Amino acid sequence: MFDTLSDRLQAALGGLRGKGRLDEETVSKAMREIRLALLEADVNVEVAREFTATVKERALGEDVSRSLSPAQQVVKIVHEELTRLLGAGDSRLVFGKPPTVILLAGLQGSGKTTAAAKLALHLRREGKRPALVACDLQRPAAVEQLEQLGRQIQVPVYALDRVDPVAAARAGVDAARREGYDVAILDTAGRLHVDEALMDELERVAAATKPLNVLLVLDAMTGQEAVNVALAFQERVAFDGVVLTKLDGDARGGAALSVKAVTGKPVKLASTGEKLDQLEVFHPDRMASRILGMGDVLTLIEKAEAAVEADEQAELERRLRAGEFTFDDFLASSKMLRRMGPLQGIVKMIPGLGRQLQGMDVDERQLARVEAIILSMTPQERRMPHIITMQRRRRIAAGSGTSLDEVNKLMAARKQMAKMMKQLGKGRLG
Amino acid sequence: MSVSWAELLGDEPTAADEPERVGVFARLRDSLAKSRRALAAELQAAAFDPGDAEAWERLEEALIRADVGVPATAELVRRIEARGGASSLEDALVEEVRGLFGEPPRLRLDGKPSVILVVGVNGTGKTTTIGKLALKLNQHGRSVLVGAADTFRAAAEEQLEEWARRAGADFVGSPRGADPAAVAFDAVEAGRARGKDVVIVDTAGRLHTQANLMAELAKIRRVIAGRCEGAPHETLLVIDATTGQNGLQQARLFADAVEVSGVVLTKLDGSARGGVAIAIAYELGLPVTLVGLGEGIDDLRPFDAGDFARALVAG
Ligand SMILES: Nc1nc2c(ncn2[C@@H]2O[C@H](COP(=O)(O)OP(=O)(O)O)[C@@H](O)[C@H]2O)c(=O)[nH]1
Ligand SMILES: [Mg+2]
């Protein structure tokens, strides 16, 4: 098994550079690999077939640029096409005469309730006055869940009817209007797209509240059925876009492509964690990389940039460019890493590293030990790691309550990091 | 032909089991899309021509469409090819899938109390499954206590408490934010003190990629094991049948963390076939024990590999 699609294509097509034009044989071979990669990423069979057919047409006869191998050239074309397809359509929400109604719908367990609360928080932070309306009267304690979340983010929750979801929706929107809220977010019960009665009920909720935005909440882990699910929901409530959830996991998320391809509706928001502020705008180019299994360098860099204060960053960058990477930098970057959120997420986004580190524990406690070791060094030692002799290492281990082995490992890791940072500093960050 | 509850629990068969033996997947078949009918007819045809490349391709595609995944599909097709064309494709498929899953499932509940730990990613149906399972155990003469060790999700406790009420099971709760391992401990203690036959521990949904939460789960398991000989007797991983190939990764990492003993495949009442369970059985050797067929308290069945295989490619 090859790690990435790029590797796989490289193996199938060979690494020759500038081979003139992409010929039929090369492209066909490449498309077989692309199709397999898409299937492994849970892209629907038909969608994968159609997509590869389109890409094949474009790729045939294209000049191979002199700096790329045919494999790289194909990846570039596939990535561009995927990004274009995923990105088409307007990803903004629509606002009208208050209250703007936003209806969330989807299968059971897709993450609607959490998404509703996240969206409310997100809109409140943008200066809107959102209210939540509880219309999931099906699942035990669903209303309580929404009420608790509403309290956490200080957004009112209307649960005005405990029997009829249509009545609950209508009353909730009316109450939001009366009390001066400008957005009403409707959390509905999870339902199977093949459940006639419940799909009918959803249609009636929509008819009663006239939502300006209907959002399909879709679990990023969804398999081949995503297509049927999306088509059924589209037929009943003509959703305007998708909220893609559980993207903090390691699912490749091909379902997003399937849904886009068959309904034409864009992903509008991405949910990336259980914390209520973990809702992001959707980046088609990153999703394309993810589906193809090519890592996500851009997200990594952007997250890093957002988390690092500007001056710290400038200083770190200067040092990186200079090829320095002391333990002071190590300490600073470890703190920045913490600010960026769960380490696993970050690590996964570095191409090639995700697989390698799988199962390895890069948890926060580990970071704390690392910091303890560094804090047990003298300022001079931190600045000039090469002066740390065996004797000093023993002292540091004792001082930090760790073992010599751990100190040694950290010494080695710093060297490794210095090398990596230098590359990043020169290449992509610079 | 289906597996009965009595068989699953290792009991003598009773008359009460009979109705469940017929048409377990009947509802599934009702909801099947038209586009698949032609394929079904072809698969059921008395014999097929092993030389017909297109027939093989269609079989492959049907399996991929059912979320079986590329490697497990290739393996199944290879095995069916190796048999030659003596039987119908469907019969061959059913036999191979049966072979893959091995012996019919059993719940090993020989402890006093027996402890069942229920784990999985967010929203797969853990709490609902516990409610359904508690009722079934109750109906088969086991007294049950459920413990709410999901101390993270809002209103998770209230949800399980409601299911416990419906199932007639004892309930041990917890304040939100409490240490889940401590709650699991309390539940096992209470089960023992009250002389319960089975203690089922619910846990918070967590993504298998969250190392700290997986460590927390391992701790819950350790605490249970330390409290009760042989426990947990079953560790059930709940997987949503709508899940694609990520299900395999879920199974891999949950198995690493807590020694999963069986899979519960939920939401098979939709149109998803849950084929990833085949990939899981093929790559990890994990059996499926139970299937969820709806949101009602009666919508839980012992897994039957033959039924499952037929529904996999059925019209
Ligand atoms: N249709 C269907 N829905 C199910 C099934 N099992 C659970 N659910 C629903 O899936 C959603 C999540 O279930 P829950 O038990 O809360 O999941 P948990 O987060 O894993 O505990 C709820 O809306 C359940 O009613 C099933 O077999 N079929
Ligand atoms: Mg739960």
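**Strands, helices and a shared ligand site**

Strand 6 of chain A and strand 7 (residues 267-271) of chain A pair in the parallel sense, with 3 bridges between them. Within this predicted model, A:Val243 sits opposite A:Leu269 of strand 7 of chain A. The link from strand 6 of chain A to strand 7 of chain A goes by way of helix 10 (residues 254-263) of chain A, and the three elements make a right-handed β-α-β unit.

Strand 6 of chain A also pairs with strand 5 (residues 213-219) of chain A, again running parallel, and here 5 bridges do the joining. One of the pairings puts A:Leu218 together with A:Leu244, its bridge partner in strand 6 of chain A. Helix 9 (residues 226-237) of chain A completes a right-handed β-α-β unit with strand 5 of chain A and strand 6 of chain A.

How buried, then, is strand 6 of chain A? With burial taken as under 20% relative accessible area, 5 of the 5 residues in strand 6 (residues 241-245) of chain A qualify, so the strand is largely enclosed by the rest of the structure. That goes for both faces: A:Gly241, A:Val243 and A:Thr245 point one way, A:Val242 and A:Leu244 point the other way, and all are buried.

Over in chain B, an open sheet of 8 strands shows mixed pairing and the order 3-2-4-1-5-6-7-8. Strand 3 (170-172) and strand 8 (300-302) of chain B take the edges; each has a single partner strand, so one side of each is left without a neighbour in the sheet. From one strand to the next, the twist averages 25°. Strand 1 (residues 114-119) of chain B runs parallel to strand 4 (residues 198-203) of chain B, and 5 bridges hold the pairing. Among the residues involved, B:Val115 has B:Val199 in strand 4 of chain B as its bridge partner. Helix 7 (residues 126-139) of chain B packs on this sheet, touching strands that include strand 1, strand 2 (144-149) and strand 4 of chain B, and its direction makes about 170° with that of strand 4 of chain B.

Then there is ligand 1. Residues from chains A and B surround ligand 1, so the site is shared between chains. Of the 20 residues around it, B:Lys126, B:Thr127, B:Thr128, B:Asp269 and B:Glu295 come nearest. A polar side-chain atom of B:Thr127 is 2.8 Å from an oxygen atom of ligand 1. Backbone atoms join in too: a polar one of B:Gly294 lies 3.2 Å from a ligand 1 oxygen, and a polar one of B:Thr124 lies 3.3 Å from a ligand 1 oxygen.

How values were computed: Residues are numbered from 1 along each chain as its sequence is written. Chains are lettered from A and ligands numbered from 1 in the order in which they are written. This is a predicted model: local features need pLDDT of at least 70, side-chain atom pairs count only at pLDDT 80 or more; totals for chains, interfaces and linings use all residues. Side-chain values use heavy atoms; hydrogens and water are left out. Two strands pair if DSSP finds at least two bridges between them. Helices (H or I, at least four residues) and strands (E, at least two) are DSSP runs, numbered from the N terminus. Axes are lines fitted to C-alpha atoms, for helices over the stretch in contact, and angles run from 0 to 180 degrees between N-to-C directions. Contact means heavy atoms within 4.5 Å. Buried means under 20% relative accessible area, exposed over 50%, partly exposed in between (1.4 Å probe, protein chains only). A crossover is right-handed if, with the strands pointing away from the viewer, the path from the first strand over the helix to the second runs clockwise. A residue is near a molecule or strand if one of its heavy atoms lies within 4 Å of it. A polar contact is a pair of N or O atoms within 3.5 Å; within protein, one must be able to donate a hydrogen and the other to accept it, and residues adjacent in sequence count only if both atoms are side-chain atoms.
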